[in-house]
Amino acid sequence: MLAAATIGLWLVSRPGMVSKWRLAAASALASAGLALLTNQVISHIWERARPTDAHPQAHLWFVHPSHDPSFPSDHAAASFAIAVSVFLVSRRAGSVFIAAAVAISVARVLVGLHYPGDIAGGALVGTAAALAVHHLARRPLTSVVRAVGRLTDPLIAPFWRVAVPRRR
């Protein structure tokens, strides 16, 4: 859900520009990738069984069980990486993304897939990834945004011409 919204940030930018929304989208996706990679390393070092594996009598609500490690939560890591990346560009839009990340994370605990500590760990990993990408990869991301923009702008431009005609 948040990844799709992040792609939407790219689409709301006028073609031919390196806008804050395109930088937010690129930063968010890079941060999510870094957070998920970091989670893989952590989960191999600190393997924690999911609540349903540790407590077989527990009942899952509305979801199928997963048997990969519980700590840290991939959903929390990715959603907080995306949300914090957007927040660093726009507090208003980022607040909406953070509210969605919190909702996703709380739902993972409520349905029985994670312990609260799994969520906290994932949120910390995601936040750290977003801060690292924002502060260390800004310049390379600007180059990536320009390059990807040259590929996507011809596809997006016709929709922009219809939706937002230029004044003469």
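## Close-up views of an all-helix model

The protein exposes about 9,800 Å², and carbon and sulfur atoms supply 68% of that area. Please keep in mind throughout these views that this is a predicted model.

**View 1. Seven helices make up the fold.** Welcome to the whole protein, which has seven helices and zero strands. Starting from the N terminus, its elements follow the order α-α-α-α-α-α-α. Of the 168 residues in the protein, 42% are buried. Among contacts with a separation of 6 or more, 75% join residues that are 24 or more positions apart.

**View 2. Helix H7 has a kink at Asp153.** Helix H7 covers residues 138–163, 26 residues in total. A straight helix would reach 38 Å at 1.5 Å a residue, yet the end C-alpha atoms of H7 are only 30 Å apart. Look for the kink of about 50° at Asp153, shortly before the proline Pro154.

**View 3. The buried residues of H7 pack against three helices, H1, H2 and H6.** Which residues of H7 are buried? They are Leu141, Thr142, Val145, Gly149, Thr152, Asp153, Ile156, Ala157 and Trp160. Asp153 therefore appears here among the buried residues, its relative accessible area being under 20%, and it also marks the site of the kink. The packing partners of these buried residues are helix H1 (2–11), helix H2 (20–45) and helix H6 (116–136).

**View 4. The largest nonpolar core has 32 residues.** Six residues have the most contacts inside this core: Leu2, Leu9, Ala35, Ile82, Val86 and Phe97. At least two core residues come from each of H1, H2, helix H4 (74–89), helix H5 (91–110), H6 and H7. H4 gives the largest share, with nine residues.

**View 5. Leu2 touches Ile82 and Phe97, among others.** Here we zoom in on Leu2, one of the residues with the most contacts inside the core. Setting aside residues up to four places away in sequence, Leu2 touches Ser79, Ile82, Phe97, Ala100, Ala101 and Ile104. Two of these partners, Ile82 and Phe97, are themselves listed with the most contacts inside the core.

**View 6. Asp118 is a buried residue of helix H6.** Is Asp118 buried or exposed? Asp118 counts as buried because its relative accessible area is 0%, with under 20% being the cut-off. The side chain of Asp118 makes a polar contact with the side chain of His114, at 3.5 Å. Beyond its neighbours within four places in sequence, Asp118 is in contact with Arg48, Ser70, Phe71, Pro72 and Ser73.

**View 7. Gly117 is a partly exposed residue of helix H6.** Gly117 counts as partly exposed because its relative accessibility is 34%. Not counting residues up to four places away in sequence, Gly117 touches Arg48 and Phe71, and both of these are also in contact with Asp118. The C-alpha atoms of Gly117 and Ser70 are separated by 9.5 Å, although the two residues are 47 residues apart along the chain.

**View 8. Ala129 of helix H6 touches Ser31, Leu34 and Ala35.** Farther along H6 we meet Ala129, which counts as buried because its relative accessibility is 5%. The contacts named in the title leave out residues up to four places away in sequence. Ala35 is also one of the residues with the most contacts inside the largest nonpolar core. Ala129 and Ala77 are 52 residues apart in sequence, with 8.7 Å from C-alpha to C-alpha in space.

Definitions and conventions. Residues numbered from 1 in each chain as written. Predicted model: local features only at pLDDT ≥ 70, side-chain atom pairs only at ≥ 80, totals over all residues. Heavy atoms only, no water. Helix = DSSP H or I, 4+ residues; strand = E, 2+ residues; numbered from the N terminus. Expected span 1.5 Å × (residues − 1). Bend = angle between axes of the 7 residues up to and from the residue. Buried < 20%, exposed > 50% of the residue type's maximum accessible area, 1.4 Å probe, protein only. Contact = heavy atoms within 4.5 Å. Core = buried A, V, L, I, M, F, W, Y, C linked by side-chain atoms within 4.5 Å. Polar contact = N/O pair within 3.5 Å; in protein donor to acceptor, adjacent residues only side chain to side chain. Areas by Shrake-Rupley, 256 points an atom, 1.4 Å probe, with all protein chains shown as cover.
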